[in-house]
Amino acid sequence: MTDAIRLSPQALAEACAKSMWDDDNATRHLDMQLLVVAPGAATVAMTITETMTNGHGTCHGGYVFTLADSAFAFACNTYNQRTVAQHCSMTYIAPAFRGDRLTATAREVSRRGRGGIYDIRITNQEGEHVAEFRGHSRTVKGTHLAEQI
């Protein structure tokens with residue numbers, strides 16, 4: 001029997017997120033904040049710094065993608081099964097600028113067998129739609145929480 005079986009779905013999602021957060025150097029290095037986690041959902045935020053801007057004076061798209069990918073990762077790993085990205089796509093709608101606070105809100109669209117689909121909406125501090133990300137997940141071997149005997 002695993003610890004996960006004894007936890008409510010919300011407590012399981014929070015425990016999985018904590019386990020992932022502790023080992024997620026990229027997300028922490030970019031000063032992202034995990035604001036919300038729930039089964040199949042997560043919200044992650046980040047402030048755009050000068051080092052994240054490109055030659056156009058806007059946020060480099062790779063940072064917006066990374067923010068969305070982090071929200072995706074936390075959302076699809078809420079069931080105590082290690083899950084990775086199988087395919088992702090991003091549509092950029094509006095630019096982000098230095099000082100903008102971007103928020104990526106991930107929600108589960110479908111989860112069947114080993115695969116899942118997640119939509120992530122990225123907005124700025126004014127609530128303006130900056131980008132849309134769709135991620136396809138795939139579960140792999142392993143869990144986030146240790147088993148109890």
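In the predicted model, D24 lies in the loop between α2 (9-23) and α3 (25-29). D24 is buried but takes part in no salt bridge. The nearest side chain of opposite charge belongs to R28, at 6.4 Å, and since a salt bridge requires a nitrogen within 4 Å of a carboxyl oxygen, this pair does not count as one. The side chain of D24 instead makes a polar contact of 2.7 Å with that of T27.

Two further loop residues have unusual backbone angles. Most residues other than glycine have a negative phi. D31, which is not a glycine, has a positive phi of about 60° and is found in the loop between α3 and β1 (33-38). N80 likewise is not a glycine and has a positive phi of about 60°; N80 is placed in the loop between α4 and β3 (83-92). As to solvent exposure, D31 counts as exposed because its relative accessibility is 55%, whereas N80 counts as buried because its relative accessibility is 7%.

The protein contains 4 helices and 6 strands, arranged from the N terminus in the order α-α-α-β-β-α-β-β-β-β. The radius of gyration is 16 Å, which agrees with the value near 15 Å for a compact globule of 149 residues. Along the principal axes, the C-alpha atoms fill a box of roughly 55 × 25 × 25 Å. Buried residues account for 39% of the 149 residues.

Helix α4 comprises residues 61-76, 16 residues in total. The distance from its first C-alpha to its last is 22 Å, close to the 22 Å expected at 1.5 Å a residue. Its buried residues are V64, L67, A68, S70, A71, F72, F74, A75 and C76. An α-helix has 3.6 residues a turn, so residues three or four places apart point the same way.

Strands β4 (residues 101-112) and β5 (residues 115-123) run antiparallel and are joined by 9 bridges. Within this pairing, S110 has I117 of β5 as its bridge partner. The two strands form a hairpin with 2 residues between them, and G113 in the turn has a positive phi of about 60°. Strand β5 also pairs with β6 (residues 129-139), again antiparallel and through 9 bridges. Here, the bridge partner of Y118 is G135 in β6. The β5-β6 hairpin has 5 residues between its strands, and G127 in its turn has a positive phi of about 85°.

The structure holds 5 salt bridges. One of them joins the side chains of R98 and E50, at 3.6 Å from N to O. This pair links distant parts of the chain, with R98 in the loop between β3 and β4 and E50 in the loop between β2 (41-47) and α4, 48 residues apart. R98 counts as exposed at 54% relative accessibility, as does E50 at 53%.

Salt bridges also connect the paired strands. R107 and D119 form one with their closest N and O atoms 3.6 Å apart; R107 is in β4 and D119 in β5, 12 residues apart. R107 is partly exposed, with a relative accessible area of 48%, while D119 is buried at 15%. R107 and D119 are further linked with R134 in a network of salt bridges. Between R121 and E132, the closest N and O atoms of the salt bridge are 3.5 Å apart. R121 lies in β5 and E132 in β6, 11 residues apart. Both residues are partly exposed, R121 at 42% relative accessibility and E132 at 24%.

Note on methods:
Residues are numbered from 1 along each chain as its sequence is written. This is a predicted model: local features need pLDDT of at least 70, side-chain atom pairs count only at pLDDT 80 or more; totals for chains, interfaces and linings use all residues. Side-chain values use heavy atoms; hydrogens and water are left out. The expected span of a helix is 1.5 Å times one less than its number of residues. Buried means under 20% relative accessible area, exposed over 50%, partly exposed in between (1.4 Å probe, protein chains only). Lys and Arg count as positive and Asp and Glu as negative; His and the chain ends are not counted. A polar contact is a pair of N or O atoms within 3.5 Å; within protein, one must be able to donate a hydrogen and the other to accept it, and residues adjacent in sequence count only if both atoms are side-chain atoms. Two strands pair if DSSP finds at least two bridges between them. The radius of gyration is taken over C-alpha atoms; the globule rule is 2.2 Å times the number of residues to the power 0.38.
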